[in-house]
Each structure stands twice: as structure tokens, then as C-alpha cells.
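Work through these exercises with the structure open beside you. Try each task before you read its solution.

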Amino acid sequence: MNEPRRRLTNHALHGKEEWFKRVFRDQIAEAAGILEVVLSAIVLIALLMSVIPLLKLMPGLLTDADSMEVHTFLERALDIVIGIEFIKMLAKHSPGSVLEVLLYAIARHMIVGHEDAVQNLVSVGAIALIFIIRKYFFVPSFGHKLPGGQPAPDITEQTEKEE
């Protein structure tokens, strides 16, 4: 006779455990979202601060541009562009923004790096692969929605351009 009562108690405890886990997961997800925004703000501040040395390099480019000054300028400028794309990736939460960051990072490596022909060929192949993935394997149901359910900004921009 005590057996059914024990099952009810176990079932009730199990329900409370599940509720506690769900609430705890939601709180962890909210904390992660807040940390993501804080990280984005820190990266944005660092990018804004890194624009100042970039501006200081510009007069040297106009007066006496040697290859090292141009190289340094391109390195810093492309690093800032990649940082901006990284912030956009954190904000959008879409595979398209991740692919854009990868494209910029590979392009920076090809432009600024002094690599041999094989490494440049691999970089070109990686860029081609990213374009192929974006064109043929980018499934609309995968990652086109923000956590709130709205369509991702880069997806809505693409659909508006196509129409």
C-alpha cells in the first residue's frame, strides 16, 4: 500500500527537479547573453581605441609611403574590419555572419601575410569553399532566426535585395 505513494513522491520530486533544471538553464542562458553583450562592448571599445594609431599612420602614407608603412596600415585596418565583423557575428547569431568573419580573416591572411604559393592556393580554395557553402549548403531553416524568433538581419537584407 505504501508503494503507490512512493511513486507519487518520486514523480513529484522529478517534476520539481525538471523545473529547477529548466529555470537554472534559462538563467545561465541569460547570463551568457549578458556576457556576450559585455564582450561585444569591450571589443568595440578596443576597436575604437585602435583607430587612433591607424589615423596617426595616415600622414606618413601621404608624404613618404614606403612598403613597411603601407603594410602596417593594412594590417591594422584589416584587423579593425575583422573586429567589426566579429561584433556583428556576436549580435546576429547567424551562420552568414560567421562565414563573413571567416572570409575577412582569410582575405587578411592573403593580403598581409607573405606566404608561399601553396598557402595562397589553399586560402583561395578556402574562400571558394565558403562561397560554395553559402550558395548551395546554406539551409534556410538553420540559423536564420535570432533567439527571440525574428529573422536574422543579414537574412532579411538578402531577401529584400532579391525582391
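**Exercise 1. The largest core**

Which residues make up the largest nonpolar core?

Solution. Start with the ground rules. This is a predicted model, where local features need pLDDT of at least 70, side-chain atom pairs count only at pLDDT 80 or more, and totals for chains, interfaces and linings use all residues. Residues are numbered from 1 along each chain as its sequence is written, and side-chain values use heavy atoms, with hydrogens and water left out.

Next, the terms. A nonpolar core is a set of buried Ala, Val, Leu, Ile, Met, Phe, Trp, Tyr and Cys residues joined through side-chain atoms within 4.5 Å. Buried means under 20% relative accessible area, exposed means over 50%, and partly exposed lies in between (1.4 Å probe, protein chains only).

Now the list. The largest core has 7 residues: Val43, Leu47, Leu54, Phe73, Ala77, Ile80 and Ile87. Helices H1 and H2 (67-92) each supply at least two of them. H2 gives the most, with 4 residues. Another core, of 5 residues, lies apart from this one; Leu103, Ile106, Ile127 and Ile130 are among its members. Nonpolar side chains tend to be buried together in soluble globular proteins.

**Exercise 2. The fold and its confidence**

State how many helices and strands the protein has, then find the element with the lowest mean pLDDT.

Solution. Step one: count. There are 5 helices and 0 strands. Both are DSSP runs, numbered from the N terminus: helices are H or I with at least four residues, strands are E with at least two. Along the sequence the pattern reads α-α-α-α-α.

Step two: check confidence. pLDDT is the predictor's confidence in each residue, from 0 to 100. The protein averages 78, and 75% of the residues score at least 70. Helix H5 (residues 153-162) has the lowest mean, 54. Helix H4 (residues 117-137) has the highest, 88. Where pLDDT is low, the predicted coordinates should not be read in detail.

Step three: look at burial. Of the 163 residues, 21% count as buried.

**Exercise 3. Helix H2 in detail**

Compare the length of H2 with its expected span, then find what Ile80 touches.

Solution. H2 has 26 residues. The expected span is 1.5 Å times one less than the number of residues. For H2 that is 38 Å, and the helix reaches 37 Å from its first C-alpha to its last, close to the expected value.

Then the buried residues. H2 includes Phe73, Ala77, Ile80 and Ile87 among them, and also His71 and Glu85. After H2 comes His93, whose phi is positive, near 60 degrees.

Last, the contacts (heavy atoms within 4.5 Å). Ile80 touches Leu47, Ser50, Val51 and Leu54, leaving out residues up to four places away in sequence.

**Exercise 4. Salt bridges**

Find the 3 salt bridges and say where each partner lies.

Solution. A salt bridge is a side-chain nitrogen of Lys or Arg within 4 Å of a carboxyl oxygen of Asp or Glu. Side chains of opposite charge can pair when their charged atoms come close. Take the bridges in turn.

- Lys21 and Glu18: the closest N and O atoms are 3.8 Å apart. Both residues lie in H1, 3 residues apart, about one turn of the helix. Lys21 is partly exposed at 37%, and Glu18 is partly exposed at 32%.
- Asp79 and Arg108: N to O is 2.5 Å. This pair links distant parts of the chain, with Asp79 in H2 and Arg108 in helix H3 (residues 95-112), 29 residues apart.
- Glu85 and Lys88: N to O is 3.1 Å. They are 3 residues apart in H2, about one helical turn. Glu85 is buried at 7%, whereas Lys88 is partly exposed at 33%.

**Exercise 5. The aromatic pair**

Why is the pair of Phe20 and Phe24 stacked?

Solution. The structure holds 1 aromatic pair. Its ring centres are 6.1 Å apart and its planes meet at 10 degrees, so the pair is stacked. The rule: rings of Phe, Tyr and Trp (its six-membered ring) pair if their centres lie within 6.5 Å; planes under 30 degrees apart count as stacked, over 60 as edge-to-face and the rest as tilted.

Now place the pair. Phe20 and Phe24 are 4 residues apart in H1 (residues 2-63), about one helical turn. Phe20 is exposed at 54%; Phe24 is partly exposed at 45%.
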